[in-house]
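Grab a coffee and work through these exercises with the structure open beside you. Try each task before you read its solution.

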Amino acid sequence: MKTVFRFTFMQQIKSKSYIITTVVIAALLFALSLLGLIIAGKNMDSDKDSDLTFVYVCDSSSLAGMDYNLLHLSENKHYKDVVFKNFDGTIEEAAHKAGEESDHAVACEIKNKENKFEILIVKPENFAADNKSAERIGNYMCNNLRYVMYEKSGISDEQKTELMRKTSVEMSVIGEDGASEDQEMLKNFLPAVFGIVLYMMLCIYGQNVARSVVLEKDSKMMETLLVMTKPYSLIFGKILGIYFAAMLQLVVWIASLSAGLGMGISSVDSIADMINELLASFIQKGGFSPAASAIALLTLLVGFLLFVALSALVGTFASKSEEVQAYYGIFTIVIVVSWMFPYINSLNGNEHIMNILRYIPFTAPFTTPGDILLGNMNIIQSIISTVIVLAASVVIVFLAAKVYKAMVLYRGAPPKPKDIIKIIKKES
């Protein structure tokens, strides 16, 4: 088995397609994760306090003469230090006055157009603030102009309070803490990430495993190999060789992704603060601890072994390479159902069904890694789930070896399941 394992492993990692795929995807993961966090950080930085000092308002609308500092009644306090000054004159004169006042000031023209208000922001020639700050102050005025309109209407303070009152909807379960929007997003996002990673790895290696199993039959080398090694050693060596080649590739990708995320987080303080806050909230519930992270990774790796073994089992049914594709469709359906069924139930909050799916060998790899990290499963539960998946993997590997031995010299039309069972019984 060692010889088959070593040969299969080296054949995998030395191939050009393996090297190119590993390098290209690693580079993409690093670049996309780094750039994604930098862009997200810039968007979050847009919510910081404005660097503008004054806004000179030329108002020819029905709100003329109103104090635009009423905009500060808004809950958005990033513009609380901006002073709005009414200006009698043209917008060009207001822009000139703003430039004389400060290089962090703008002019604003407000007028009625048809049945709406139109706001025009003009930057002076000596404007030295962030260029986007001028656009943001315009959006701020547009979103909060109602506070000026309430004052203009002359309604009472009680009526203003009622008009400004917001309505929110929250849902909670008795005995459970409510989750923030960021936590809810992570609860939906993390299982999807684990599912996509496992699905991509299976798409890359699943068919490769199935074809590798039937390769010797197709090349007429089977009789020669059987003199040198046993069928069990041959199938075990192939499965483990391809499995560890995939693990090596996955380690490289995880390292590249981690490096990109690490650099992105360290360069964007706002992202680092948000992630630290999220992790702290989940750690309090038992998630993202070193033990939980280790078990989540172990479950993912054991789950991958399970499906690699299943792919090998599918390959043993074929007697030549052309037949693999027909059997591989069954394997693909099993993967998709095992992934999507628990994910959809998780989104719908069907906890009773999820409690069952976490212990079914084929669905557990898609549910347990995310659930243990999020604190939905404790350490004992996750260990039980992982042991079940590992036991199922061993059973499928031995079943694949059994079928492989029974079908090793089979030639002819693709056998039916009942024919395979008869052959296995005869061999036993």
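**Exercise 1: The main core**

In this predicted model, the largest nonpolar core counts 59 residues, and Ile235, Phe304, Phe307 and Phe331 have the most contacts inside it.

Task: work out which helices give two or more residues to this core, and which element provides the largest share.

Solution. Start with the contributors: helices H1 (2-14), H2 (16-45), H7 (181-218), H9 (231-267), H11 (290-316), H12 (321-347), H14 (364-374) and H15 (379-407) each put in two or more residues. Next, pick out the top one: H11 supplies 14 residues, the largest share. Now zoom in on Phe331. Skipping neighbours within four places in sequence, Phe331 contacts Leu202, Gly206, Phe307, Leu310, Ser311 and Val314. Finally, don't miss the second core: it is separate, has 22 residues, and includes Val55, Val57, Leu63 and Tyr79.

**Exercise 2: Two helix pairs**

Task: decide how H11 and H14 run relative to each other, then do it again for H5 and H6.

Solution. Step one is the angle. The H11 and H14 axes come within 8 Å and cross at roughly 175 degrees. An angle over 145 degrees counts as roughly antiparallel, so H11 and H14 are roughly antiparallel to each other.

Step two is who meets whom. On the H11 side you'll find Ala292, Ser293, Ala296, Thr299, Leu300, Gly303, Leu306 and Phe307; across from them in H14 sit Ala364, Pro365, Phe366, Thr368, Pro369, Ile372 and Leu373. Sorted by class, that contact has eleven nonpolar residues, four polar and no charged.

Step three, the other pair. H5 (residues 146-153) and H6 (residues 157-164) have axes that come within 10 Å and cross at roughly 155 degrees. That makes H5 roughly antiparallel to H6. Their crossing is right-handed. Tyr147, Tyr150 and Glu151 of H5 meet Lys160, Leu163 and Met164 of H6, and the class count for this contact is four nonpolar, no polar and two charged.

**Exercise 3: A charged residue in a loop**

Task: find Arg358 and say whether Arg358 is buried or exposed.

Solution. First, the location: Arg358 belongs to the loop between helix H13 (351-357) and H14. Second, the accessibility: the relative accessible area of Arg358 is 4%. Buried means under 20%, so Arg358 counts as buried. Third, list what surrounds the residue. With neighbours within four places in sequence left out, Arg358 contacts Glu351, Ala364, Thr367, Thr368, Asp371, Asn376, Met377 and Ser385. Two of those names should ring a bell: Ala364 and Thr368 are among the H14 residues that meet H11. Last, a distance check: Arg358 and Ile384 sit 26 residues apart in sequence, with 9.6 Å between their C-alpha atoms.

**Exercise 4: Ser74 and Asn144**

Task: trace the contacts of Ser74 and of Asn144, and see where they link up.

Solution. Begin with Ser74, in the loop between strand E1 (54-59) and strand E2 (83-86). Ser74 is buried, at 5% relative accessible area. Leaving out neighbours within four places in sequence, Ser74 contacts Tyr140, Asn144 and Tyr147. Tyr147 is also one of the H5 residues that meet H6.

Now switch to Asn144, in helix H4 (residues 131-144). Asn144 is buried too, with a relative accessible area of 7%. Not counting residues up to four places away, Asn144 touches Leu71 and Ser74. Asn144 and Asn76 are 68 residues apart in sequence, yet 9.2 Å apart from C-alpha to C-alpha.

Helix H4 also holds Gly138, which counts as buried at 12% relative accessibility. The C-alpha atoms of Gly138 and Cys108 are 8.3 Å apart, with their positions 30 residues apart along the chain.

**Exercise 5: A positive phi**

Task: what is phi of Glu114, and is Glu114 buried or exposed?

Solution. Recall the background: most residues other than glycine have a negative phi. Phi of Glu114, however, is near 55 degrees, which is positive. Glu114 lies in the loop between strand E3 (105-113) and strand E4 (116-122). At 73% relative accessible area, Glu114 is exposed.

**Exercise 6: The whole chain**

Task: how many helices and strands does the chain have, and what percentage of the residues count as buried?

Solution. The tally is 16 helices and four strands. Of 428 residues, 41% count as buried. For contacts with a separation of 6 or more, 76% are between residues 24 or more positions apart.

Note on methods. Residues numbered from 1 in each chain as written. Predicted model: local features only at pLDDT ≥ 70, side-chain atom pairs only at ≥ 80, totals over all residues. Heavy atoms only, no water. Axes fitted to C-alpha atoms, helices over the stretch in contact; angles between N-to-C directions. Parallel < 35°, antiparallel > 145°, perpendicular 65-115°, else oblique. Left-handed = near helix turned anticlockwise from the far one by under 90°. Contact = heavy atoms within 4.5 Å. Nonpolar A, V, L, I, M, F, W, Y, C, P; charged D, E, K, R; others polar. Core = buried A, V, L, I, M, F, W, Y, C linked by side-chain atoms within 4.5 Å. Buried < 20%, exposed > 50% of the residue type's maximum accessible area, 1.4 Å probe, protein only.
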